[in-house]
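Let's take a walk through this model, beginning with the ligand and then moving out to a handful of individual residues. Keep the viewer open as you read.

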Amino acid sequence: MALFGNKGVHQWRGVIDEYRKWLPVSDATPVISLREGGTPLVHALYLSKLLGNEIWLKVEGTNPTGSFKDRGMTMAISKAAESGAKAVICASTGNTSASAAAYATKAGMKPVVLVPEGKIAMGKLAQAIAHGATLLQVKGNFDDCLTLARQLSDNYPVALVNSVNPYRIEGQKTAAFEVVDMLHEAPDIHVMPVGNAGNITAYWQGYQEYYKAKISKQLPMMWGFQAAGAAPIVKRKIIKNPETIATAIRIGNPASWDQAVIAQVASKGLIDSVTDKEILSAYRLVAAKEGIFVEPSSAAGLAGLIKKKAQRKLPKDKVIVITVTGNGLKDVQWVLNGAGKPIVIPVDLKRAAKVIGLK
Ligand code: F0G
């Protein structure tokens with residue numbers, strides 16, 4: 001149906017329409033989009049000086065549901081719609097479920113989400129509920145949720161939209177395209193948090209596709225950082241009871257483990273871990289110095305760079321892109337915890353000026 005209100009004013013069209021020729025879609029694919037992608041790549045002056053490199057932040061928290069997951073979800077839900085699915089399911093530490101709920105609802109499908117009980121941020125829980133998902137809180141961790149979600153989709157008519165669904169990776173690779181389109185070259189290093197390892201897999205795929213098409217002349221080194229208490233790839237073993245305050249990456253047995261190792265090895269990159277303390281300190285720094293509010297997990301990449309610098313293992317004068325994966329508004333507890341006592345005043349000019357320190 002032609003839209004009466006569409007007067008052709010320029011607006012980013014969403015990743016499927018912007019990158020159609022790079023994606024497995026056809027005219028028969030109904031595009032379910034909330035105009036995800038097209039996110040800001042922000043030069044970070046303070047961090048560049050601090051780290052002795054040219055640092056750019058790919059701010060994925062500006063996606064429609066507040067995380068990078070929307071890039072993959074527009075693909076997964078559009079393909080599910082194409083195949084006639086009536087219901088979709090996912091396991092999640094919160095962001096995937098928020099995104100799946102929004103896109104499934106838009107497509108007229110029933111979203112079902114499985115999350116670890118008591119271990120996801122309130123904002124994300126609220127999103128799944130707001131978008132009408134059937135929300136199951138599982139007495140287990142993310143890895144248990146994923147096992148259950150896989151079994152449900154194997155045995156019942158419900159499509160799995162976790163990043164084991166290849167369309168998710170296809171959609172998420174568009175973030176690498178955007179970086180190259182903007183910088184006119186791939187960065188020297190691309191840094192990001194690693195949880196279920198879908199995103200590092202997707203970026204590596206995107207960078208390789210552009211490189212093979214000669215749109216970029218180089219490939220970046222991929223640097224991924226896990227939380228120390230949930231670092232199976234670093235420790236080379238499944239972590240049965242992963243623990244970290246960075247609940248989005250509290251994962252002990254990542255689904256895309258092998259692909260993440262391939263990206264690391266092929267790009268001559270690294271996958272390392274950062275402590276919760278290092279994550280929280282990077283989380284506060286990027287908000288306080290760069291004006292970008294991210295959720296704690298999203299700060300793992302920056303925390304990793306700061307750690308490498310302290311270890312004298314960070315090169316100099318390179319172009320480095322850090323993906324900050326999710327919006328800080330989803331998980332405000334970590335700011336409020338450290339905020340101290342609120343300042344309460346009467347409606348009084350002199351008192352207000354005094355408290356502020358104005359003379
Ligand atoms: N950052 C955020 C904010 C995330 O939500 C996730 C993953 C990651 C980083 C890690 O990305 O899994 O591709 O390595 N969140 C998933 C979820 C697991 O269910 O929302 P990954």
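What follows is a tour of the ligand site, then of some lysines, some backbone details and some long-range pairings.

One thing to keep in mind from the start: this is a predicted model. With that said, where does the ligand sit? Look into the largest cavity, and there it is. The shell around the ligand is made up of 20 residues. Ser92, Asn95, Asn196, Ala197 and Thr325 are the closest of them. If you sort the shell by residue type, you get 7 nonpolar, 11 polar and 2 charged residues. As for secondary structure, two elements each give two or more residues to this shell, namely helix 4 (95–107) and helix 9 (198–212).

Now zoom in on the polar atoms. Thr325 has a side-chain N or O atom 2.6 Å from a nitrogen atom of the ligand. Lys69 also points a polar side-chain atom at the site, 3.0 Å from a ligand nitrogen. Asn199 takes part through its backbone instead: a polar backbone atom there lies 2.8 Å from an oxygen atom of the ligand. How much of the ligand does the protein bury? On its own the ligand would expose 470 Å², and the protein buries 98% of that.

Stay with helix 9 for a moment and find Gly198, which belongs to that helix. Gly198 has a relative accessible area of 5%, so it counts as buried. Follow the chain to Gly72, 126 residues away in sequence, and you'll find its C-alpha 9.8 Å from that of Gly198.

Thr325 is worth a second look too, this time for its backbone. Its C-alpha is 8.3 Å from the C-alpha of Ala299, with the two positions 26 residues apart along the chain. Ala299 sits in the loop between helix 12 (276–290) and helix 13. Is Ala299 buried or exposed? Its relative accessibility is 1%, so buried it is.

Next come the lysines, and here it pays to check where each side chain ends up. Lys124 is part of helix 5 (residues 122–130). Its relative accessibility is 0%, and therefore it is classed as buried. What does the side chain of Lys124 contact? It makes a polar contact with the side chain of Glu295, at 2.7 Å.

Lys79, in helix 3 (residues 69–82), gives you another lysine to compare by eye. Lys79 is at 14% relative accessibility, and because the cut-off for buried is under 20%, this residue counts as buried. Its side chain has a polar contact as well, in this case with the side chain of Glu82 at 3.1 Å.

Then there is Lys330, in the loop that runs between strand 10 and helix 14 (333–336). With a relative accessible area of 7%, Lys330 is buried. Which part of the chain comes up beside it? Try Ala126: the two are 204 residues apart in sequence, yet their C-alpha atoms are 9.1 Å apart in space. Ala126 falls within the 122–130 range of helix 5, so you can find it on the helix you visited for Lys124.

Another long-range pairing involves Glu54, which is in strand 2 (residues 54–59). Glu54 is partly exposed, its relative accessible area being 34%. From Glu54 to Lys316 you cover 262 residues of sequence, but the C-alpha to C-alpha distance is 8.8 Å.

Last stop: two backbone angles to check. Asp317 isn't a glycine, but its phi is positive, near 60 degrees. You'll find Asp317 in the loop between helix 13 (300–310) and strand 10 (319–324). It has a relative accessible area of 67%, so it counts as exposed.

Arg35 is another non-glycine residue with a positive phi, of about 65 degrees. It belongs to the loop between helix 1 (15–18) and strand 1 (41–43). Arg35 has a relative accessible area of 37%, which means it is partly exposed.

Notes: Residues numbered from 1 in each chain as written. Predicted model: local features only at pLDDT ≥ 70, side-chain atom pairs only at ≥ 80, totals over all residues. Heavy atoms only, no water. Near = heavy atom within 4 Å. Polar contact = N/O pair within 3.5 Å; in protein donor to acceptor, adjacent residues only side chain to side chain. Areas by Shrake-Rupley, 256 points an atom, 1.4 Å probe, with all protein chains shown as cover. 1 Å grid on protein atoms, 1.4 Å probe; cavity = no way out; pocket = protein on both sides within 12 Å on 5 of 7 lines; lining within 4 Å. Sits in = over half its atoms within 2 Å of the grid points. Helix = DSSP H or I, 4+ residues; strand = E, 2+ residues; numbered from the N terminus. Nonpolar A, V, L, I, M, F, W, Y, C, P; charged D, E, K, R; others polar. Buried < 20%, exposed > 50% of the residue type's maximum accessible area, 1.4 Å probe, protein only.
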